[in-house]
Amino acid sequence: MTLIYKGRETAVRIDKETAVRVTALREKGIAPCLAVVRVGERPDDMAYESGLMKRASELAVNVRRVLLPADVRQDAVERVIDDLNADEAVHGILVFCPLPAHLNERAVCERIAPDKDVDGTTAMSAAGVFLGKPIGYPPCTADAVVRILEDRQVPLRGRKVCVVGRSNVVGKPLSLMLIGKSATVTVCHSATADLPAETLAADIIVSCAGRAGLIGRRHVRPGQVVIDVGINFDKDGRMCGDAAAEEIDGIVGAMTPVPGGVGSVTISVLMSHVAEAAGRKRL
């Protein structure tokens, strides 16, 4: 029987810890605040913003929205980031990406002060992940994967983990975070010659390649844990992950669902980063 690791259960536990931290900070006169910078009105950005604001309200985290027109100039966006960096009442900054094509997205993200980079978008945050130092924060999705594994008490030390995907926002930082937990990590990608050989050798498979049905029956064996980070849509428009869930259900020991898995934890991780940033500022 395959256990289903529903993200909401982990999210609730993270939220409880964050709520305690926020209460303690507010008692000291510190109101954790996240600034959200949104350019234009992409439906997916607006949906995420809505969920973010609801969770923030529940946890007493302030959210300052900065809404900019889709045709905004580069210098105007950068001025907004500079102002937020200088504002001591703001502890975290989140820029919704991708930005419109006429903007230099990398330049905008790198403008964020590392101590306010709560979603790990800057080179300094990447350096913090690489060095295992509290410089900035890891990307929320990568952190969510680690938190799910730890919350479910899945051993990492000495275990073999196969990360399928090498993006800068999940695959690469996640592999480093897992190495930091003393796991033995293999990173696979589109040029991997024999993907089943790599996944079958692993104790834990994390798929973040963004390809529906990538992980199927021939990639798994009994007892494995499969963490599915992929967000895809099938031919009927239904959300699905990278794993062919119906194929591997009943074979692997445990897996996360899509939807309702890793994505459910991401906002909770973001809120925890904001609360941590507010606490660091106090120091």
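How much area does the protein expose, and what share of it do carbon and sulfur atoms supply? In this predicted model, the exposed area comes to about 13,500 Å², and 53% of that area is supplied by carbon and sulfur atoms. Of the 283 residues of the protein, 47% count as buried.

The overall dimensions are considered next. The C-alpha atoms fill a box of roughly 50 × 45 × 35 Å when the principal axes are used as the frame. The radius of gyration is 19 Å, which agrees with the value near 19 Å that a compact globule of 283 residues would have. The secondary structure consists of 10 helices and 11 strands. Among contacts between residues at least 6 apart in sequence, 70% join residues that are at least 24 apart. The protein carries 36 positive and 35 negative charges, and the mean positions of these two sets are 4 Å apart.

Helix α7 spans residues 171–180. Its buried residues are Gly 171, Pro 173, Leu 174, Ser 175, Met 177 and Leu 178. These buried residues pack against two helices and three strands: α5 (123–131) and α6 (140–151), together with β5 (160–164), β6 (184–188) and β7 (204–207). After α7 comes Ser 182, a residue with a positive phi near 70 degrees.

Positive phi values also appear in loops beside other helices. Most residues other than glycine have a negative phi. Ala 60, which is not a glycine, has a phi near 65 degrees. The position of Ala 60 is in the loop that runs between α2 (43–59) and β3 (62–68). With a relative accessible area of 32%, Ala 60 is partly exposed. Gln 153 is likewise not a glycine, and its phi is positive at about 55 degrees. The loop that holds Gln 153 lies between α6 and β5, two of the elements against which the buried residues of α7 pack. Gln 153 counts as exposed because its relative accessibility is 70%.

The peptide bonds were examined as well. Most peptide bonds are trans. A cis bond joins Cys 97 and Pro 98, with omega at about 5 degrees. Pro 98 belongs to the loop between β4 (92–95) and α4 (105–110). Another cis bond joins Val 258 and Pro 259, where omega is about 0 degrees. Pro 259 is placed in the loop between β11 (254–255) and α10 (263–282).

Cys 97, the partner of Pro 98 in a cis bond, also enters the question of disulfides. A disulfide requires cysteine sulfur atoms within 2.5 Å, and by this rule the count is 0. The cysteine sulfur closest to that of Cys 97 is in Cys 109, and because the separation is 3.8 Å, the pair is too far apart for a bond. Cys 97 counts as partly exposed, at 31% relative accessibility. For Cys 188, the closest cysteine sulfur is in Cys 162, at 3.6 Å, so this pair is also too far apart for a bond. Cys 188 has a relative accessibility of 1% and therefore counts as buried.

Notes
Residues are numbered from 1 along each chain as its sequence is written. This is a predicted model: local features need pLDDT of at least 70, side-chain atom pairs count only at pLDDT 80 or more; totals for chains, interfaces and linings use all residues. Side-chain values use heavy atoms; hydrogens and water are left out. Helices (H or I, at least four residues) and strands (E, at least two) are DSSP runs, numbered from the N terminus. The radius of gyration is taken over C-alpha atoms; the globule rule is 2.2 Å times the number of residues to the power 0.38. Buried means under 20% relative accessible area, exposed over 50%, partly exposed in between (1.4 Å probe, protein chains only). Contact means heavy atoms within 4.5 Å. Accessible areas come from the Shrake-Rupley method with a 1.4 Å probe; for residues, only the protein chains shown count as cover. Lys and Arg count as positive and Asp and Glu as negative; His and the chain ends are not counted. The place of a charge is taken as NZ of Lys, CZ of Arg, CG of Asp or CD of Glu.
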